[in-house]
Amino acid sequence: MTADLFQPYALNASITLNNKILMAPLTRCQADDDLVPTQAMADYYARRADAGLIISEAVIIRPDGQGYPNTPGLFTPEQIQGWQKVTSAVHAKGGKIFAQLWHTGRVAHSHFFGGPTVAPSAVKIEGTVPRQRELAYEIPKALTGEEIAQLVADYSQAAANAIDAGFDGVEIHGANAYLIDQFLHHDSNRRDDEFGGTPENMARFPLAVVDAIIKRIGQDRTALRVSPGAYVNMQGDSRDRAVFDYFLKQLESRQLAYLHVGIFDDALTFDYLDGRVSDYVRAHYSQTLVGVGSYSAETGAQAIADGRFDLLAIGRPFIANPDYVVRVRDRQPLVSYSDEMLAELV
Ligand code: FNR
Ligand code: 8K6
C-alpha cells in the first residue's frame with residue numbers, strides 16, 4: 001500500500017517530486033536574534049532532503065508578521081543569505097524545498113517589533129504567546145486600504161527573495177488563523193469596505209496576494225495552504241462556508257503548484273463544511289491537493305488510493321525521524337514524537 005508513496009509526482013511542467021511524501025511546515029523558533037537561519041537549521045533540513053518536497057517552517061515576510069520568538073525572516077540580505085545555506089544543503093542531497101510565507105496578523109505581538117499589530121479588524125484573540133506566556137495578545141489595528149496594498153507588495157517581494165535564496169517555490173501561508181486566513185473568516189473580518197462583508201470582498205486580499213506572487217515568480221512555483229475549518233485562534237461561523245466556496249472556485253483558474261490543507265487532525269469534522277476539511281476542499285477544487293493531519297504513511301497512502309488527496313504531508317513524525325522516508329520505505333519502526341523534541345534541532 002505505501003509503495004505508491006514512492007512514485008514520482010509531477011506538480012507541473014517544471015517541477016517533479018521524487019516521491020509523494022512532503023515534509024509539512026514546522027515552526028522551530030531556532031533562527032538567530034536577527035531572524036537569520038543558522039547552520040544548524042541547514043543541517044536539520046538537509047537531513048530530511050529525501051522528502052519529495054520540504055515545506056520550510058513558516059517564514060515572516062516583514063517585522064510586524066512575527067508572533068513567536070526566533071522565527072526566521074525573508075526580508076533582509078542576511079536572512080536571504082542564511083536561507084541560501086539551507087537551500088544549497090538540501091539541493092546538494094537531491095531534495096527540493098519551498099519557503100512558507102507568513103504574516104501572523106493578530107497573532108503577532110508588538111514585543112517582537114515595537115508594534116502595532118495589524119489585522120483585518122480590531123478584534124483580538126484571547127490568550128498568550130506560546131513560549132512567552134507573559135505576553136498577552138493585543139487588540140490589533142485594522143488595516144487601511146493603503147496598508148493592505150503595501151502588504152500585497154511585501155508578500156510579492158518576499159516571494160522574489162525566496163527565489164533569490166534558492167527556494168524551488170513558495171507556499172503562501174493562508175491557513176491556521178494567521179493574516180490571510182483572518183480575512184476569510186467572519187470572526188476576524190468585520191470590515192464593511194471592499195475587503196469584508198461578502199465572499200467576493202473577503203477573498204479579495206488573499207487572491208491579490210496569490211496573483212501578485214504568481215505574477216512575480218510564476219504559477220508553477222506558487223502554492224497555497226488554507227484552513228476552511230476554524231480550529232485554533234478562530235471561532236467557526238457557518239457563513240464562512242460561502243467564502244471558501246467562492247475562494248476555492250477562484251483558485252481553480254490560478255493553476256497553482258498545489259493546494260494544501262491546514263489542520264492538525266484531519267479526522268475532525270466541521271458542521272458547516274459537511275465533514276472533514278480535506279473532503280470539503282476536494283469536492284470544490286479539482287487540482288493537486290495535499291492532505292495532512294495525524295496521518296501515518298499507511299493511512300495517508302490509503303487516503304491517496306481512495307482519491308481523497310494526491311500528496312501526503314507529514315509533520316510531527318518528521319521531527320522525531322529525520323530519516324522518515326527511508327524508515328517507511330524499508331519498513332523500519334518509527335520513533336514516536338513528543339513535544340520535548342522541539343527544544344533542539346536534530
Ligand atoms: C506546526 N504546523 C505548522 N503549520 C504551518 O502551516 N506552518 C508552520 O510553521 C507550522 N508549525 C508547526 C510547528 C509545530 C511544532 C507543529 C507540531 C505543527 C502544523 C503542521 O504543518 C501540520 O499541519 C500538523 O503538525 C499536522 O500534521 P502531523 O504532525 O499530524 O503530521
Ligand atoms: C511554540 C512556538 C511555535 C508555535 C508554532 C505553531 C505551532 C503550533 C501550535 C498551534 C496550536 C495547535 C492547536 C491544535 C489544535 C488541535 C485541535 C483539535
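# A tour of the helix pairs and two loops

Begin by selecting helix 6 and helix 7, where helix 6 passes helix 7 in a right-handed crossing (the near helix turned clockwise from the far one by less than a right angle; anticlockwise would be left-handed). What you have open is a predicted model, in which local features need pLDDT of at least 70 and side-chain atom pairs count only at pLDDT 80 or more, while totals for chains, interfaces and linings use all residues. Residues are numbered from 1 along each chain as its sequence is written, chains are lettered from A and ligands numbered from 1 in the order written, and side-chain values use heavy atoms, without hydrogens and water.

Staying with this pair, you will find helix 6 at residues 204–217, packed against helix 7 at an angle of about 20°, with the axes 11 Å apart (lines fitted to C-alpha atoms over the stretch in contact, with angles from 0 to 180 degrees between N-to-C directions). That angle makes helix 6 roughly parallel to helix 7 (under 35 degrees; over 145 is roughly antiparallel, 65 to 115 roughly perpendicular, the rest oblique). To show the contact (heavy atoms within 4.5 Å), select Pro-206, Leu-207 and Val-210 on helix 6, together with Tyr-246, Phe-247, Gln-250 and Leu-251 on helix 7. Sorted by class, the contact of helix 6 with helix 7 has six nonpolar residues, one polar and no charged ones (Ala, Val, Leu, Ile, Met, Phe, Trp, Tyr, Cys and Pro are nonpolar; Asp, Glu, Lys and Arg charged; others, Gly among them, polar).

Next, keep helix 7 (residues 240–252) and add helix 8 (residues 277–284), which packs with helix 7 at an angle of about 50°, the two axes lying 9 Å apart. Helix 7 and helix 8 are therefore oblique to each other, and helix 7 passes helix 8 in a right-handed crossing. The residues to display here are Arg-241, Phe-244, Asp-245, Leu-248 and Glu-252 from helix 7, with Tyr-280, Val-281 and His-284 from helix 8. The contact of helix 7 with helix 8 divides into four nonpolar, one polar and three charged residues.

Now move to helix 1 (residues 39–46) and helix 2 (residues 77–92), whose axes are 8 Å apart and meet at an angle of about 25°, so that helix 1 and helix 2 are roughly parallel to each other. The crossing of helix 1 past helix 2 is right-handed. Here Gln-39, Met-41, Ala-42, Tyr-45 and Ala-46 of helix 1 meet Trp-83, Lys-85, Val-86, Ala-89 and Val-90 of helix 2. By class, the contact of helix 1 with helix 2 has eight nonpolar residues, one polar and one charged.

Two loops come next. Select Leu-35, in the loop between strand 3 (21–23) and helix 1, and you will see a residue with a positive phi of about 65° although it is not a glycine. Then select Gly-115 and Pro-116, which are joined by a cis peptide bond with an omega of about -5°; Pro-116 is found in the loop between strand 5 (97–102) and strand 6 (118–119). For comparison, most residues other than glycine have a negative phi, and most peptide bonds are trans.

Finally, zoom out to the whole chain, which holds eleven helices and 14 strands (DSSP runs, H or I of at least four residues and E of at least two, numbered from the N terminus). The radius of gyration of the chain is 19 Å, close to the 20 Å that the globule rule gives for 346 residues, so the chain is as compact as a globular protein of that length (taken over C-alpha atoms; the rule is 2.2 Å times the number of residues to the power 0.38). The chain averages a pLDDT of 98, and 100% of the residues score at least 70 (the predictor's confidence in each residue, from 0 to 100).
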